[in-house]
Amino acid sequence: MAVPASYLLNRLNRGSSRYNAGDVMLYEHLEDPLLYDGSQIEPAWALSELGIKGSSIITWIGPMDVKNIVDYEDVELEIRSEEVLHFIVEHFDEQPSSLRLAYHRQRILVMLLMEELMRTGVRTRREGDDLYIGSSKLTVSIATASVSSMKIHLGVNIHERGTPEDVDTIGLLDEKPELSADDIKVIAENVAMAYIHEIDSIEEDIAKTRIF
């Protein structure tokens, strides 16, 4: 779903790479190639490391080598890649936090990514919270919850270099090598903005709905 231009004009402060979407969420794209090691999925990471208070979505491009694995089915697996587009989402709007809601929102984020990639000419298919190109795995993702917040990580391989040899993987540049670094940054921003719009529109629907 495309984000209406009026939404961007009315809701976002584009004075820097940090965009304030009113009371909904804050978005920032990091320029440094931060290593994703799983510590970023811990609660209040954006506050402690970036000074971002409240619900947020943070994106950056960097390597991945996960040491802190929260999915019990993945504890014996290697989760790594040389270059990945990362999304970290944190929500504080549900108290106590809900793991079920976190997984619902994770699926929204993955489907918005799927739509954005389609617009760039990259056709994917979805199995649960993973995207594939053909039989090759393009993304990794996890959702979790703490006492205070819900967290989502979504990682998109830029290329397959550095991924585990026993997993059939693919990256965006393997499928569409003409994509530039700026193109990938635009993908990140468009997905983040679309996600914020979805969350905001749900809040507006709740506010206008009569209940019995």
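Let's start with a hairpin: four residues link β8 to β9. This is a predicted model, and in it the two strands run antiparallel, with seven bridges holding the pairing together. If you want one register point to click on, take S141, which stands opposite L154 in β9. Strand β8 covers residues 139-145, and five of its seven residues are buried, so the rest of the structure largely encloses it.

From β9 (150-157), step across to β4. These two strands are also antiparallel, this time with eight bridges between them. Here I88 faces H153 of β9. On to the next pairing: β3 and β4 run antiparallel too, joined by nine bridges, and T59 sits opposite F87 in β4. So how much of β4 is buried? Nine of its twelve residues are, which makes the strand mostly covered.

Now for what packs around these strands. The largest nonpolar core has 37 residues, and the ones with the most contacts inside it are I57, L85, F87, L109 and Y195. Several elements supply at least two residues each: β2 (25-29), β3, β4, α3, β6 (130-133), β9 and α5 (181-208). Which of them gives the largest share? That would be α5, with ten residues. L109 is a handy place to look at how the pieces meet. Ignoring neighbours within four places in sequence, L109 is in contact with I57, F87, V89, I152, L154, V191 and Y195. There is also a second, separate core, made of 15 residues, with L26, I41, M64 and I88 among them.

Back on β4, have a look at H91, which belongs to that strand. Is H91 buried or exposed? Its relative accessibility is 2%, and because the cut-off for buried is under 20%, H91 counts as buried. Its side chain has polar company in there: one polar contact of 3.2 Å goes to the side chain of R105, and another, of 2.7 Å, goes to the side chain of Y195. With neighbours up to four places along the chain set aside, the residues in contact with H91 are M25, S55, R105, S148, S149, M150, Y195 and I199. Y195 has thus come up twice, as one of the residues with the most contacts in the 37-residue core and as a polar partner of H91.

Next comes F92, which is in the loop between β4 (80-91) and α3 (99-119). F92 has a relative accessibility of 29%, so it counts as partly exposed. Which residues does F92 touch once those up to four places away in sequence are left out? They are G54, S55, S148 and S149. The S148 contact spans a fair bit of sequence: F92 and S148 are 56 residues apart along the chain, yet their C-alpha atoms are separated by 6.6 Å. S55, S148 and S149 also appear on the contact list of H91.

Time for some aromatic geometry. An aromatic ring pair is described by the distance of the centres and the angle of the planes. How many aromatic pairs does a search of the whole structure find? One. The partners are W45 and W60, at 5.8 Å centre to centre with 40° between the planes, which makes the pair tilted. W45 lies in helix α2 (residues 45-50) and W60 in strand β3 (residues 56-65), so the pair ties together parts that are 15 residues apart in sequence. Both W45 and W60 are buried.

Another ring has a charge for a partner. The charged end of R125 sits over the ring of Y132, at 4.7 Å from the ring centre.

One last stop, on the far side of β9 in sequence: T169, placed in the loop between β9 and α4 (172-175). Although T169 is in a loop, it is buried, with a relative accessible area of 9%. The side chain of T169 makes a 2.7 Å polar contact with the side chain of T163. Beyond residues up to four places away in sequence, T169 touches S136, K137, N157, E160 and T163.

Terms used:
Residues numbered from 1 in each chain as written. Predicted model: local features only at pLDDT ≥ 70, side-chain atom pairs only at ≥ 80, totals over all residues. Heavy atoms only, no water. Phe/Tyr/Trp six-rings, centres within 6.5 Å; stacked < 30°, edge-to-face > 60°. Buried < 20%, exposed > 50% of the residue type's maximum accessible area, 1.4 Å probe, protein only. Lys NZ or Arg CZ within 6 Å of the ring centre and 35° of its normal. Contact = heavy atoms within 4.5 Å. Core = buried A, V, L, I, M, F, W, Y, C linked by side-chain atoms within 4.5 Å. Polar contact = N/O pair within 3.5 Å; in protein donor to acceptor, adjacent residues only side chain to side chain. Pairing = 2+ DSSP bridges.
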